[in-house]
Every structure is written in structure tokens, then in C-alpha cells.
Amino acid sequence: MITIDKNRCPQNHRCPSIKVCPVGAISQEGFGLPVVNQEICVECGKCIKFCPMRAIQKS
Ligand code: SF4
């Protein structure tokens, strides 16, 4: 399961990982904490590598 750590994500910008997700599983309201739709996510890990804050993790 892919999760986003609210303590690592500064929540002050558009999440750059949204555009690398091949299935569009990441959504974000404003600059809020992004949310991963677990029903769509294929756990490819692209967003994990792309996040500069290393806020996205696989558990
Ligand atoms: S692991 Fe892959 S499919 Fe899942 S949210 Fe990240 S980029 Fe999208």
C-alpha cells in the first residue's frame, strides 16, 4: 500500500508526483496532502522515486 507521510509533505505546492502516476491514482485538493486511490494504484513505485521530499512510501 502506498501512503503519503503528512509530516514529510510540506503541503504548500502542487504535488509533482501526480503527473508521473501512470494510472492517475494521486489526487490533491488545493495544496493539501495528496491522496492515493488504493483501488486504482498498481504500486509501480514511480511516485515514490519522484517525490523530492521522500514523503511517499510503500508499506
Ligand atoms: S505507485 Fe504508481 S500507480 Fe501507485 S500512486 Fe504511485 S505512481 Fe501511481
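This report covers the fold, core, ligand shell and selected residues of a predicted model.

## Overall fold

The protein has 1 helix and 4 strands. Along the sequence, these follow the pattern β-β-β-α-β. Strand E1 spans 2-4. Strand E2 spans 26-27. Helix H1 covers 46-50, and strand E4 covers 56-58.

The radius of gyration is 10 Å. This agrees with a compact globule, because 59 residues packed that way would give a value near 10 Å. Along the principal axes, the C-alpha atoms fill a box of roughly 25 × 20 × 15 Å. Buried residues make up 22% of the 59 residues. Among contacts with a separation of 6 or more, 50% join residues 24 or more positions apart.

## Nonpolar core

The largest nonpolar core has 11 residues in all. Five of its members are cysteines: Cys9, Cys15, Cys21, Cys47 and Cys51. The isoleucines are Ile2, Ile4, Ile26 and Ile56, and the alanines are Ala25 and Ala55. In soluble globular proteins, nonpolar side chains tend to be buried together.

Cysteine 47 belongs to this core. Leaving out residues up to four places away in sequence, cysteine 47 touches Ile2, Ser17, Val20, Cys21, Ile26 and Ile56. Of these partners, Ile2, Cys21, Ile26 and Ile56 are also core members.

## Ligand shell

The ligand is surrounded by 14 residues. The closest are Cys21, Ala25, Cys41, Cys44 and Cys47. By class, the shell has 11 nonpolar, 1 polar and 2 charged residues. Cys21, Ala25 and Cys47 appear both among these closest residues and in the largest nonpolar core.

## Alanine 55

Alanine 55 sits in the loop between helix H1 and strand E4. Its C-beta atom has 21 others within 10 Å, so alanine 55 is buried; the threshold is 20 or more. Alanine 55 is also part of the largest nonpolar core.

Its contacts reach back to the start of the chain. Not counting residues up to four places away in sequence, alanine 55 touches Ile4, Asp5, Arg8 and Cys9. Ile4 and Cys9 are fellow core members. Leucine 33 is 22 residues from alanine 55 along the chain, and their C-alpha atoms are separated by 10 Å.

## Methionine 1

Methionine 1 lies in the segment before strand E1. This residue is exposed, because 9 other C-beta atoms lie within 10 Å and the exposed class takes 12 or fewer.

Methionine 1 pairs with the other end of the sequence. Its C-alpha atom is 5.6 Å from that of lysine 58, although the two are 57 residues apart along the chain. Beyond its neighbours within four places in sequence, methionine 1 is in contact with Gln38 and Ser59.

## Positive phi angles

Most residues other than glycine have a negative phi. Two residues here depart from that sign. Glutamine 11 has a positive phi of about 55 degrees and is not a glycine. Arginine 54, also not a glycine, has a positive phi of about 50 degrees.

Glutamine 11 is in the loop between E1 and E2. With 14 other C-beta atoms within 10 Å, glutamine 11 is partly exposed. Arginine 54 lies in the loop between H1 and E4. With 11 other C-beta atoms within 10 Å, arginine 54 is exposed. Alanine 55, in that loop as well, is buried.

Methods:
Residues are numbered from 1 along each chain as its sequence is written. This is a predicted model: local features need pLDDT of at least 70, side-chain atom pairs count only at pLDDT 80 or more; totals for chains, interfaces and linings use all residues. Helices (H or I, at least four residues) and strands (E, at least two) are DSSP runs, numbered from the N terminus. Two residues are in contact if their C-beta atoms, placed from the backbone, lie within 7 Å. A residue is near a molecule or strand if its C-beta atom, placed from the backbone, lies within 6 Å of it. Ala, Val, Leu, Ile, Met, Phe, Trp, Tyr, Cys and Pro count as nonpolar, Asp, Glu, Lys and Arg as charged, and the others, Gly among them, as polar. A nonpolar core is a set of buried Ala, Val, Leu, Ile, Met, Phe, Trp, Tyr and Cys residues joined through C-beta atoms within 7 Å. The radius of gyration is taken over C-alpha atoms; the globule rule is 2.2 Å times the number of residues to the power 0.38.
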